[in-house]
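Q: Please take a close look at one loop position in this structure. Start from that position and work outward through what surrounds it to the pairing, the core and the charged side chains.

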Amino acid sequence: QVQLVESGGGLVQPGGSLTLSCAASGTIVRVFTMEWYRQAPGKQRELVALLTLGGNAHYADSVKGRFTASRINANNTLYLQMNSLKSEDTAVYYCRADIKTSHATGSSNYWGQGTQVTVSS
């Protein structure tokens with residue numbers, strides 16, 4: 001099967017930086033689009049950043065210019081560099097990936113368990 005494990009969350013002051021990681025493991029043939037979502041208390045989960053296998057990136061307007069997604073395809077890992085953090089960035093951040101496994105004919109979306117990011121002084 002497949003596991004996505006996020007790490008790197010924590011408490012940071014406004015204006016600070018954090019880097020999140022998401023590592024995919026299991027019987028993986030290919031990882032296609034990888035995404036970061038976040039969910040703040042009382043709010044719906046929202047897409048933060050999307051990164052295709054070919055390296056095309058798309059960002060939510062609220063994070064453009066502050067967040068940068070990157071990936072290392074060789075080890076199926078996605079990153080999110082977050083700079084100039086604001087209190088409104090506080091949320092649980094989730095990784096999602098479209099993955100083709102060795103026992104499936106097509107690809108499926110898998111989610112990580114989430115990592116908490118808290119921006120507060």
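A: Glycine 8 and its surroundings

Glycine 8 sits in the loop that runs between strand E1 (2-7) and strand E2 (10-12). The model is predicted, and everything below is computed from it.

Start with the solvent. The relative accessibility of glycine 8 is 34%. Buried means under 20% and exposed means over 50%, so at 34% glycine 8 counts as partly exposed.

Next, the neighbours. Leaving aside residues up to four places away in sequence, glycine 8 touches Leu18, Thr19, Leu20 and Thr115. Asparagine 73 gives a reference point elsewhere in the chain: its C-alpha atom is separated from that of glycine 8 by 19 Å, with the two positions 65 residues apart along the chain.

One of the residues touched by glycine 8, leucine 18, leads into the strand pairing. Leucine 18 stands opposite methionine 82 in E8. E3 and E8 run antiparallel and are joined by six bridges. E3 also pairs with E1, again in the antiparallel sense and over six bridges. Within that pairing, leucine 4 is opposite alanine 24 in E3.

Methionine 82 carries the picture inward. With residues up to four places away in sequence not counted, methionine 82 touches Gly16, Ser17, Leu18, Leu20, Arg66, Phe67, Tyr93 and Val117. Leu18 and Leu20 are on that list, and they are also among the contacts of glycine 8.

Methionine 82 belongs to the largest nonpolar core, which has 31 residues. Trp36, Leu80, Met82, Tyr93 and Ile99 are the members that touch the most others. Elements giving two or more residues to this core are E1, E3, E4, strand E5 (46-51), strand E7 (67-72), strand E8 (77-82), E9 and strand E11 (115-119). E9 supplies the largest share, five residues. In soluble globular proteins, nonpolar side chains tend to be buried together.

E9 is also tied to E3 by a covalent link. A search of the whole structure finds one disulfide. It joins cysteine 22 and cysteine 95, with the sulfur atoms 2.1 Å apart. The pair links distant parts of the chain, since cysteine 22 is in strand E3 (residues 18-26) and cysteine 95 is in strand E9, 73 residues apart. The angle about the S-S bond is -75°, and the link is left-handed. Both cysteine 22 and cysteine 95 are buried.

Arginine 96 is likewise in strand E9. Arginine 96 touches Leu4, Thr33, Met34, Glu35, Tyr37, Asn109, Tyr110 and Trp111, again not counting residues up to four places away in sequence. Leu4 in that list is the residue opposite alanine 24 in E3. The side chain of arginine 96 also makes a polar contact of 3.3 Å with the side chain of tyrosine 37.

Arginine 96 forms a salt bridge with glutamate 35, the closest N and O atoms being 2.7 Å apart. Glutamate 35 lies in strand E4 (residues 28-39) and arginine 96 in strand E9 (residues 91-101), so this pair ties together parts that are 61 residues apart in sequence. Glutamate 35 has 8% relative accessibility and counts as buried.

The structure holds five salt bridges. Side chains of opposite charge can pair when their charged atoms come close. Another of the salt bridges joins glutamate 46 to arginine 38, with 2.7 Å between the closest N and O atoms. Arginine 38 is buried, at a relative accessible area of 5%, whereas glutamate 46 is partly exposed at 34%.

A further salt bridge brings together the side chains of lysine 64 and aspartate 61, at 3.1 Å from N to O. Lysine 64 is partly exposed, with a relative accessible area of 48%, and aspartate 61 is exposed, with 67%. Elsewhere, salt bridges with shared partners join Arg38, Glu46, Arg66 and Asp89 into one network. Arg66 of this network leads back towards the loop, as it is one of the residues touched by methionine 82, which is opposite leucine 18, and leucine 18 is in contact with glycine 8.

Technical notes. Residues are numbered from 1 along each chain as its sequence is written. This is a predicted model: local features need pLDDT of at least 70, side-chain atom pairs count only at pLDDT 80 or more; totals for chains, interfaces and linings use all residues. Side-chain values use heavy atoms; hydrogens and water are left out. A salt bridge is a side-chain nitrogen of Lys or Arg within 4 Å of a carboxyl oxygen of Asp or Glu. Helices (H or I, at least four residues) and strands (E, at least two) are DSSP runs, numbered from the N terminus. Buried means under 20% relative accessible area, exposed over 50%, partly exposed in between (1.4 Å probe, protein chains only). Contact means heavy atoms within 4.5 Å. A disulfide is a pair of cysteine sulfur atoms within 2.5 Å. A polar contact is a pair of N or O atoms within 3.5 Å; within protein, one must be able to donate a hydrogen and the other to accept it, and residues adjacent in sequence count only if both atoms are side-chain atoms. A nonpolar core is a set of buried Ala, Val, Leu, Ile, Met, Phe, Trp, Tyr and Cys residues joined through side-chain atoms within 4.5 Å. Two strands pair if DSSP finds at least two bridges between them.
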